[in-house]
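Student: I should like to learn how the features of a model are read. Please take me through them in turn.

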Amino acid sequence: MYQFSYAEIMEEGVAVSKDRERQVLERSIALLQAAVAAGGSYGKEAVEAVYYTRRVWIRFIEDLGNPENQLEDEIRANLISIAIWILKEIERIRKRESTNFQGIIDITTIIKDGIK
């Protein structure tokens, strides 16, 4: 029977994790785009986009703050700063102080495209 080396298993695990991260970000982008398509109003689409996107970025902050996270410290710090900005924008949208869905879409797309 073929046995996988530890390195192969770890590499596959990282690849699967990165793919999941991309999928989660793609879903967030799709929900935000649906909110924009609905007129950027504060309807069902916006509520769903805000709720989902908020959960995603809170989870990313938790993961980035974990000492076992293998990203370089500078990259982790930069991503946490971006996540905080997104969470602030999401909160402004939730409070009906902003409709900056596109800004969040743009930044999230850049992050998604950077996951390799």
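The dialogue below treats helices, burial, the core and contacts.

Student: What should be known about the model beforehand?

Tutor: The model is predicted: local features need pLDDT of at least 70, side-chain atom pairs count only at pLDDT 80 or more, and totals for chains, interfaces and linings use all residues. Residues are numbered from 1 along each chain as its sequence is written, and side-chain values use heavy atoms, with hydrogens and water left out.

Student: How many helices and strands are there in the protein?

Tutor: Helices (H or I, at least four residues) and strands (E, at least two) are DSSP runs, numbered from the N terminus. The protein has four helices and zero strands.

Student: Why does the length of helix H2 agree with its number of residues?

Tutor: The expected span is 1.5 Å times one less than the number of residues. The 22 residues of H2 (residues 44–65) should therefore span 32 Å, and its end C-alpha atoms are 32 Å apart.

Student: Is Arg-76 buried or exposed?

Tutor: Buried means under 20% relative accessible area, exposed over 50%, partly exposed in between (1.4 Å probe, protein chains only). Arg-76, in helix H3 (residues 73–94), is buried at 13%. Leaving aside residues up to four places away in sequence, its contacts (heavy atoms within 4.5 Å) include Leu-64 and Pro-67.

Student: Which residues touch the most other members of the largest nonpolar core?

Tutor: Such a core is a set of buried Ala, Val, Leu, Ile, Met, Phe, Trp, Tyr and Cys residues joined through side-chain atoms within 4.5 Å. Of its 23 residues, they are Leu-25, Leu-32, Val-56, Trp-57, Phe-101 and Ile-104. H2 gives the most to this core, with eight residues.
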